[in-house]
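Reader: I should like to learn how to read the features of a protein model in an orderly way. May we proceed from the overall fold to individual residues?

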Amino acid sequence: MKIYNTLSRTIEEFIPHEEGIVKMYTCGPTVYHYAHIGNIRNYIGHDVLEKALLYCGYSVKRAMNITDVGHLTSDSDSGEDKMEVARKREKKSSMEIADFYTKAFFEDFAKVNCKKPEIVSRATDNIDMYIQIIENLLEKDIAYISGGNIYFDISKVKDYYVLTNHIEDKMVVGARLGVEEDGNKRNQADFVLWFTTSKFENHELLWDSPWGKGYPGWHIECTGIAIRYLGEYLDIHGGGVDNIFPHHTNEIAQSEAYLGHKWCNYWFHNEHLNDESGKMSKSNGDILTISHLESLGYDPLSFRYMCLNSHYRRQLVFSYDALNQAEATYKKLINRIASITDDGELDEGAFANYNTRFIEAISDDLNTANALSLLYELLKDEQVNNHTKLDLIRKFDKVFSLDLIREKKTLENDSEIMALIEERALAKKNKDFALADSIREDLYNKGIELIDTREGTTYRIVGE
Ligand code: AMP
Ligand code: ZN
């Protein structure tokens, strides 16, 4: 398996610490609002990575956090805790908000067939772990207390900017634009591990600590949860590209300072999905979710199909045109597969040949678009019998997770299609050709092609 590693900025051969076993960590959502489709694209990327590793024979132990405290409105230490923002907005307790949006998150996550990681842990369930790490960092004089908060001193680590290729100035300016100077910090890039006194006086969630009542910073959560559940050595850690700095940069600094050795070998980052305005924000109140797309009549898996058609390291621009196109292609694919009659015997040679090529595609830094092209090639291949085709499609779908093989529906049993065919016949009879044509196009997009003959109208599955 070859994978792009942000740490080396190259595509590398993937070698886990322990043969055959992958320890993988994914930064989870901040549950102060619904997850938008950009966030979901990021989780689809991680889902494909996990499933590709499983397909290639690894066993995967994967953990993900749920951020229900400590993530401020700026990824640096300024702004307000996002959970507090939601608490004021919705006049509910932080826990009610966290429960509500965690549930909504996993609903949308399941709708796009993402597999829930084996370990999912809330930030608020691991406070003891953060305290243990912070105490250790204070003992080592890598963390310090100032103005009541505990900070991490970035000058104490050798290679703080290793993940960002040492573009320190750019990173610092980019991340701290509009952020006020914090007089408590020794270096302006130092970050908070634990807030005791802070400007957020009415913070609802507070825990006892050796330094007084307080709450953890955002970065320490992922370090604490990853080390608690996956141990001292991590193989893959991932998130969206915006997590590279400061979040993952800080995670590396504090984890390695705590552990005393290198922590994680591969850093996996998904490019963003933006809308045409250039940003898909969760905090502006207008959130485009998977459930919303579903309420508009889209199949959530059309969105997954759209994501798989582009590379996870490429930015993707969301538009309804693009989604309509993805949905039409996806539906055609499903109908085409549904029309395959399972006959013939397993052709082991053909199976092995296509399976090897599929592994090559996904092992090539998760080239899902090439893997999908291979699927189309298989469908067209007249040398491969139907039974072998279906076995291969079922196997590929362990990574695609597009529900490619659905229960066979005959057209006569599909009341929606039959009603549309009748409606078109009536429109033609009434000489409403515009309506007739639009129904015909609609049916075509659903994978049904109408054929008008002198004897009447018949139909066939597109691509058959
Ligand atoms: P959050 O809930 O804000 O903590 O974000 C959850 C995950 O979504 C993080 O790993 C982010 O890096 C990622 N993310 C945020 N915005 C986008 C976007 N527009 N496209 C893809 N991923 C995103
Ligand atoms: Zn994280």
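Reader: Among contacts in the protein between residues at least 6 apart in sequence, what percentage join residues at least 24 apart?

Author: This is a predicted model. Of those contacts, 76% join residues at least 24 apart in sequence. The secondary structure comprises 15 helices and 15 strands.

Reader: How many residues does the protein have, and what percentage of them count as buried?

Author: The protein has 464 residues, and 55% of them count as buried. Taken along the principal axes, the C-alpha atoms fill a box of roughly 85 × 50 × 35 Å.

Reader: How should I approach the cysteines, and how many disulfides does the structure hold?

Author: A disulfide is a covalent bond between the sulfur atoms of two cysteines. The structure holds zero disulfides. Cys264, for instance, is in no disulfide, and the nearest cysteine sulfur, that of Cys27, is 11 Å away. Cys264 is also buried, having a relative accessible area of 1%.

Reader: Why is the sulfur of Cys307 not in a bond with that of Cys114?

Author: The cut-off for a disulfide is a pair of cysteine sulfur atoms within 2.5 Å. The closest cysteine sulfur to that of Cys307 is in Cys114, and because the two are 9.1 Å apart, they are too far for a bond. Cys307 likewise counts as buried, at 6% relative accessibility.

Reader: Let us turn to a charged residue. Where is Asp381 placed, and which side chain of opposite charge is nearest?

Author: Asp381 is in the loop between helix 12 (368–380) and helix 13 (386–400). The nearest side chain of opposite charge is that of Lys389, 6.4 Å away. For a salt bridge, the side-chain nitrogen must be within 4 Å of a carboxyl oxygen. Asp381 is thus buried yet has no salt bridge.

Reader: Which residues does Asp381 touch, not counting those up to four places away in sequence?

Author: On that basis, Asp381 touches Tyr354 and Lys389. In addition, a polar atom of the Asp381 side chain lies 2.9 Å from the backbone nitrogen of Gln383.

Reader: Finally, how is a ligand site to be read: how many residues surround ligand 1, and which are the closest?

Author: One begins with the surrounding residues and then examines individual atom pairs. Ligand 1 is surrounded by 18 residues, the closest being Thr30, Gly38, Asp242, Asn243 and Lys282. A polar side-chain atom of Asn243 lies 2.7 Å from an oxygen atom of ligand 1. The backbone also takes part: an N or O atom of the Gly240 backbone is 3.1 Å from an oxygen atom of ligand 1, and one of the Gly38 backbone is 3.2 Å from a nitrogen atom of ligand 1.

Terms used
Residues are numbered from 1 along each chain as its sequence is written. Chains are lettered from A and ligands numbered from 1 in the order in which they are written. This is a predicted model: local features need pLDDT of at least 70, side-chain atom pairs count only at pLDDT 80 or more; totals for chains, interfaces and linings use all residues. Side-chain values use heavy atoms; hydrogens and water are left out. Buried means under 20% relative accessible area, exposed over 50%, partly exposed in between (1.4 Å probe, protein chains only). Helices (H or I, at least four residues) and strands (E, at least two) are DSSP runs, numbered from the N terminus. Lys and Arg count as positive and Asp and Glu as negative; His and the chain ends are not counted. A polar contact is a pair of N or O atoms within 3.5 Å; within protein, one must be able to donate a hydrogen and the other to accept it, and residues adjacent in sequence count only if both atoms are side-chain atoms. Contact means heavy atoms within 4.5 Å. A residue is near a molecule or strand if one of its heavy atoms lies within 4 Å of it.
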